[in-house]
Amino acid sequence: MLRRTFLYLSSSRSLRHWMENSSISRRLTSRFIAGRTLEEGIQVVKRLDGEHILSTLDFLGENVTSLAEAAHSKNSYLQALEEIERAALPATVSIKLTQFGLDFSEQACCDNVVPLVECARRMNSRVEIDMESSDYTDRTLNVVTSLHDRFPGHIRAVIQAYLYRSEADIKMLSAKGIPVRLCKGAYSEPSTVAFPNKADVDANYVALMKLLLTQGTYPAIASHDEKIVREGLRFIEEQKIASDRFEFQMLYGIRRDLQRELVARNFRLRLYVPYGDAWYPYFMRRLAERPANVLFLARNLLRN
Ligand SMILES: Cc1cc2nc3c(=O)[nH]c(=O)nc-3n(C[C@H](O)[C@H](O)[C@H](O)COP(=O)(O)OP(=O)(O)OC[C@H]3O[C@@H](n4cnc5c(N)ncnc54)[C@H](O)[C@@H]3O)c2cc1C
């Protein structure tokens, strides 16, 4: 119920405007958002590098309303890649295709993303393509596969374990050698396309994780669910999978204890590091995932 309420509020324009412009917003969001500027995002990536943690930088934004805004997203990400290269940081970038014009056309979107992937290829890095709501799954996978055909090794797809279709999508992507980040899924989806019960999503996650670890190409296990992470570790040990064949991924600011444990055990961990002014939908999805975050927020609000 709370999850649905926060996901509903995540698309409220008036609340978004008020919150993004509120003077207390930085205090409220600093646990999950690296900063408002690229410079602040890069500072966090540098600090994580010092802690042996890899990063993927996300310039916050989604669903642009004009191709000019899409071009702005492209330029912002090109600057991010330049800064990553200049500081020789172990970071990729993560993008949302609706930020690059997917609502206009697949072609326009592809044209905006290609310069980024060219830049990532030159740097021997990757562009990770986030998965949005199920309205976009087919179009996102079309763009992912066509970019992979042109730039093999420099694209990563994201698959959501809550969708019924995901096993078939993973098999298709693995057959093409496309790396996959596996997450549970963060949007409000109808039961016609997604498992409505969390237990089923979790069980599907475990099955898909094992499929990726045995048949995928350098998968990313993206979850903070301790039971799932521990089952992944058990499976990796049982199957004797080398630790350079996969990575764990988590979101900046979430389950820092588990993050530290994985790094101490010499597993690769990449954090998703969001920065920028358009933080509202991302932030609301994080609240939806964990009602306890609302208490954390309230405590911060009351603190002087
Ligand atoms: C690196 C990365 C990239 C992602 N990319 C995408 C994407 O492209 N598309 C997409 O739909 N989703 C994406 N997600 C979000 C994902 O789908 C889930 O919504 C989110 O990760 C929560 O699921 P979970 O696996 O952590 O399990 P959950 O069952 O939700 O949580 C397990 C435990 O993790 C901790 N936890 C989880 N979320 C929070 C939170 N917000 N605050 C505090 N603690 C929390 C709690 O201890 C909780 O009990 C991504 C997640 C990660 C880690």
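Which residue forms a salt bridge with R270? It is E247, and the closest N and O atoms are 2.7 Å apart. Before I go on, a caution: this is a predicted model.

Back to that pair. R270 sits in strand β8, residues 269–275. E247 sits in strand β7, residues 247–251. The two are 23 residues apart, so the bridge links distant parts of the chain. Buried or exposed? Both R270 and E247 are buried.

The pair also has company. R270 and E247 belong to a network of salt bridges that takes in K96, E128, D130, R156 and R181 as well. Across the model, the count of salt bridges comes to 25.

Let me pick out another bridge from that network. D130 pairs with R181, with 2.9 Å between the closest N and O atoms. Here too, distant parts of the chain are linked. D130 is in the loop between β3 and α7, while R181 is in strand β5, residues 180–183. They are 51 residues apart. Both are buried.

Now a contrast. R234 and E238 also form a salt bridge, at 2.8 Å from N to O. Both lie in helix α10, residues 226–238. They are four residues apart, about one turn of the helix. How exposed are they? R234 has 38% relative accessibility, so it counts as partly exposed. E238 has 46%, so it too counts as partly exposed. The cut-offs here are under 20% for buried and over 50% for exposed.

Next, the strand that carries R270. Seven of the seven residues of β8 are buried, so the rest of the structure largely encloses this strand. Look at the faces. On one side are L269, L271, V273 and Y275. On the other are R270, Y272 and P274. Both faces are covered.

What pairs with β8? Strand β1, residues 54–59, does so in the parallel sense over six bridges. In that pairing, L54 stands opposite R270. Strand β7 also pairs with β8 in the parallel sense, over four bridges. There, M250 stands opposite L271. Between β7 and β8 comes a helix: β7, helix α11 (residues 256–264) and β8 make a right-handed β-α-β unit.

On to helix α7. Its 14 residues should span 20 Å at 1.5 Å a residue, and the end C-alpha atoms are 20 Å apart, which agrees. Which of its residues are buried? They are T137, T140, L141, V143, V144, T145, L147 and H148. These buried residues pack against α6, β3, β4 and α8.

One of them deserves a closer look: L147. Leaving out residues up to four places away in sequence, L147 touches C110, V113, V114, V117, I129 and I155.

That leads to the core. The largest nonpolar core has 81 residues. L147 is among those with the most contacts inside it, along with L57, I95, V127, L182 and F248. Which element gives the most to this core? Helix α6 does, with eight residues. There is also a second, separate core of 16 residues, and it includes F6, F32, Y282 and L287.

To recap. R270 and E247 are a buried pair, and they are part of a salt-bridge network. Strand β8 is largely enclosed. And L147 of helix α7 ranks among the residues with the most contacts in the largest core.

Methods: Residues are numbered from 1 along each chain as its sequence is written. This is a predicted model: local features need pLDDT of at least 70, side-chain atom pairs count only at pLDDT 80 or more; totals for chains, interfaces and linings use all residues. Side-chain values use heavy atoms; hydrogens and water are left out. A salt bridge is a side-chain nitrogen of Lys or Arg within 4 Å of a carboxyl oxygen of Asp or Glu. Buried means under 20% relative accessible area, exposed over 50%, partly exposed in between (1.4 Å probe, protein chains only). Two strands pair if DSSP finds at least two bridges between them. A crossover is right-handed if, with the strands pointing away from the viewer, the path from the first strand over the helix to the second runs clockwise. The expected span of a helix is 1.5 Å times one less than its number of residues. Contact means heavy atoms within 4.5 Å. A nonpolar core is a set of buried Ala, Val, Leu, Ile, Met, Phe, Trp, Tyr and Cys residues joined through side-chain atoms within 4.5 Å.
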